[in-house]
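Thanks for coming. I will talk through one model today, starting with its charged pairs and ending with its core.

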Amino acid sequence: MPEITRRRALTAAAAVAATASVAVTLAAPAASAAGHHEPAAPDSFDEVYKGRRIQGRPAAGGAHHHEHGGGYEVFIDGVRLHVMRNADGSWISVVSHYDPVPTPRAAARAAVDELQGAPLLPFPAN
């Protein structure tokens with residue numbers, strides 16, 4: 001059996017995240033019908049955390065309904081980190097999918113911690 005590499009593990013985590021995000025997307029219209037509204041986008045940030053540059057900002061063009069991050073982008077060393085906002089307002093990323101955090105900045109920091117110095121690979125979002 002082939003040895004599991006970091007790349008394969010991250011690819012598998014990305015696949016799990018994509019599958020889980022479909023369920024969130026399908027549930028979103030029901031939440032809208034119930035009268036819930038999308039919370040305001042968090043503030044932008046740009047900092048160096050553990051030697052890695054992390055950035056977050058509202059997505060160009062404003063909020064897009066097809067984006068799981070609610071129109072918010074996060075980058076680690078210039079590579080986009082796929083983030084998703086949960087129904088309860090917490091955030092998760094493709095790297096730290098099972099550890100919800102309160103803000104996109106915290107999601108970026110958790111991803112840096114999880115990567116342990118490895119480069120973030122681009123997520124092949126559809």
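First, a term: a salt bridge here is a side-chain nitrogen of Lys or Arg within 4 Å of a carboxyl oxygen of Asp or Glu. Before the pairs, some housekeeping. This is a predicted model, in which local features need pLDDT of at least 70 and side-chain atom pairs count only at pLDDT 80 or more, while totals for chains, interfaces and linings use all residues. Residues are numbered from 1 along each chain as its sequence is written, and side-chain values use heavy atoms, with hydrogens and water left out.

On confidence: pLDDT is the predictor's confidence in each residue, from 0 to 100. The chain has a mean pLDDT of 79, and 66% of its residues reach 70 or more. Helices (H or I, at least four residues) and strands (E, at least two) are DSSP runs, numbered from the N terminus. Within the chain, confidence is lowest in helix α1, residues 6–33, with a mean of 60, and highest in β1, at 98. Please keep that in mind when looking at the helix α1 end of the picture.

Now the charged pairs. There are 7 salt bridges in the structure, and I will show three. Take E47 and R105: their closest N and O atoms are 2.4 Å apart in a salt bridge. E47 sits in strand β1 (residues 45–49) and R105 in helix α2 (residues 104–115), so this pair ties together parts that are 58 residues apart in sequence. For exposure, the cut-offs are under 20% relative accessible area for buried, over 50% for exposed, and partly exposed in between, with a 1.4 Å probe and protein chains only. E47 is buried at 17%, whereas R105 is partly exposed at 30%. The pair is not isolated, either: E47, R105 and R109 are linked in a network of salt bridges.

The second pair is D46 and R53, whose side chains meet at 2.6 Å, N to O. D46 is partly exposed at 46% relative accessibility, and R53 is partly exposed at 41%.

The third is E73 with R80, a salt bridge at 4.0 Å, N to O. Here E73 is buried, at 14% relative accessibility, and R80 is partly exposed, at 36%.

Next, the backbone. Most residues other than glycine have a negative phi. Which residues go against that? K50 does, with a positive phi near 50°. K50 is in the loop between β1 and β2 (52–58), and K50 is exposed, at 60% relative accessible area. D77 is not a glycine either, and has a positive phi of about 50°. D77 lies in the loop between β3 (72–76) and β4 (79–81), and is partly exposed at 41%.

Last, the core. A nonpolar core is a set of buried Ala, Val, Leu, Ile, Met, Phe, Trp, Tyr and Cys residues joined through side-chain atoms within 4.5 Å. The largest one has 18 residues, of which I54, V74, I76, L81 and V95 touch the most other members. At least two residues of this core come from each of β1, β3 and α2, and α2 gives the largest share, 5 residues.

What does I54 contact, leaving aside its neighbours within four places in sequence? With contact meaning heavy atoms within 4.5 Å, the list for I54 includes F45, Y49, F75, I76, A108 and V112. E47 and R105, from the first salt bridge, are also in contact with I54. That is where I will stop.
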